[in-house]
Amino acid sequence: MTGLVQGVRRASVARTVAELAAMLGSEGGTLALSAVDERTGTVDLSFSLDDADCGDNCALPPDQLRQVVETRLRSALPGLTAVRIDDSRRPVRAGDGAAVPAGPEARSITVLDPTGGVVPGDPDPGPDLGPLRGRRIGVRIDVLWQAWDQTVDEWIAELERAGAIVTTWRRAQGLKGAEGESKQAEYDAFVGGVDAVISGLANCGSCTSWSVRDGLNALNRGLPAVVGVTEHFVGLARTLAADNGRPGLRLVELPASLNTLTEEQVRAHARASFPALLDAIGAVVR
């Protein structure tokens with residue numbers, strides 16, 4: 001009995017892993033429970049992209065997946081001592097930054113004794129935008145979701161009608177090396193030239209990660225910032241924001257079915273949700 005108290009119970013682990021899998025969403029890969037050693041508090045998981053239509057472009061990168069899983073399991077299961085994740089994707093990097101060699105062991109991530117306290121972070125959502133007239137609004141779009149382009153197209157029309165000056169910037173996520181550095185410098189300059197940022201769309205594992213990251217870029221500069229997120233990925237967006245020390249990041253929620261609607265339906269929903277956007281970013285029309 002003592003071992004069971006110190007370890008973890010399979011039912012509790014299964015419930016927490018199911019919550020994590022739902023938060024990640026099936027579009028971003030499948031997280032599953034493989035084994036639990038209740039006595040030692042060790043948990044084995046697997047992650048697969050077999051059912052994901054857009055492959056790596058939709059899933060959290062291996063290191064970030066590990067961070068999200070570790071944080072959630074650590075907070076929910078105090079008896080946890082180790083987590084191993086069998087990730088079917090490319091080799092990940094070890095904790096010291098060295099590349100893990102190819103082979104079966106490269107797919108396994110081990111987290112030892114994750115029992116440290118969780119730093120609560122800064123709950124401040126950032127400043128309200130205030131009156132829209134004359135303010136420069138930067139809208140960060142992406143290369144994945146046409147419905148997001150249609151949504152922000154309607155929002156931009158409303159923002160400009162209220163006197164705002166709107167510019168857009170398109171993110172191609174996951175670029176590496178010099179190309180990635182150049183694109184990031186471009187985004188940094190874009191954020192430096194606006195008074196507020198609307199980032200999106202958080203509608204899969206990877207795009208939620210990048211949308212939150214780009215929203216936090218603005219928030220950490222002291223700008224009003226909001227991330228557009230579909231309802232299935234609200235939990236993941238909040239977790240990622242908290243993991244990066246800013247749990248108060250503002251979100252505007254959109255329907256999970258957004259990208260299955262007709263263009264007319266998407267645009268109608270965008271017009272209807274414009275007041276929610278203004279409320280999320282603390283903007284006022286005068």
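The following legends describe close-up views of a predicted model.

**View 1. Five strands form an open sheet.** The order of the strands across the sheet is E7-E6-E8-E9-E10, and their pairing is parallel. At the edges stand strand E7 (165–171) and E10, each of which pairs on one side only. Direction ignored, neighbouring strands of this sheet are turned by 20° against each other on average.

**View 2. Strand E6 and strand E8 pair in the parallel sense.** Strand E6 comprises residues 136–142, and strand E8 comprises residues 196–202. Four bridges make up this pairing. Within the view, Gly138 can be found opposite Val197 in E8.

**View 3. Helix H7 packs on the sheet.** Helix H7 is formed by residues 234–243 and touches two strands, E9 and E10. The direction of helix H7 makes about 165° with that of E10.

**View 4. Helix H8 lies across E8, E9 and E10.** Helix H8 spans residues 263–281. With respect to E10, helix H8 runs at about 165°.

**View 5. Cys204 and Cys207 form a disulfide.** The sulfur atoms of Cys204 and Cys207 are 2.4 Å apart. Because a disulfide is assigned to cysteine sulfur atoms within 2.5 Å, this pair qualifies. The count by this rule comes to one disulfide. Both Cys204 and Cys207 are buried.

**View 6. Asp128 forms a salt bridge with Arg250.** This is a view of one of the 16 salt bridges that the structure holds. The closest N and O atoms of Asp128 and Arg250 are 2.8 Å apart. The pair links distant parts of the chain, 122 residues apart. Asp128 belongs to the loop between strand E4 (108–112) and strand E5 (130–131), whereas Arg250 belongs to strand E10 (residues 250–254). Asp128 has a relative accessible area of 54% and is therefore exposed, the cut-off being over 50%. Arg250, at 10% relative accessibility, counts as buried because the limit for that class is under 20%.

**View 7. Arg271 forms a salt bridge with Glu154.** Between Arg271 and Glu154, the closest N and O atoms are 3.3 Å apart. Arg271 lies in helix H8 and Glu154 in helix H4 (residues 146–161), so the pair ties together parts that are 117 residues apart in sequence. Arg271 is partly exposed, with a relative accessible area of 41%. Glu154 is buried, its relative accessible area being 14%.

**View 8. Asp188 forms a salt bridge with Arg221.** The closest N and O atoms of Asp188 and Arg221 are 3.5 Å apart. Asp188 is located in helix H5 (residues 177–192), and Arg221 in the loop between helix H6 (205–219) and strand E9 (225–230); the pair therefore ties together parts that are 33 residues apart in sequence. Asp188 is partly exposed, with a relative accessible area of 27%. Arg221 is also partly exposed, and its relative accessible area is 42%.

**View 9. Salt bridges that share partners form one network.** The residues joined in this network are Asp153, Glu154, Glu263, Arg267 and Arg271. Among them are Arg271 and Glu154, the two partners of the salt bridge with closest N and O atoms 3.3 Å apart.

Note on methods. Residues numbered from 1 in each chain as written. Predicted model: local features only at pLDDT ≥ 70, side-chain atom pairs only at ≥ 80, totals over all residues. Heavy atoms only, no water. Buried < 20%, exposed > 50% of the residue type's maximum accessible area, 1.4 Å probe, protein only. Salt bridge = Lys/Arg side-chain N within 4 Å of Asp/Glu carboxyl O. Pairing = 2+ DSSP bridges. Axes fitted to C-alpha atoms, helices over the stretch in contact; angles between N-to-C directions. Contact = heavy atoms within 4.5 Å.
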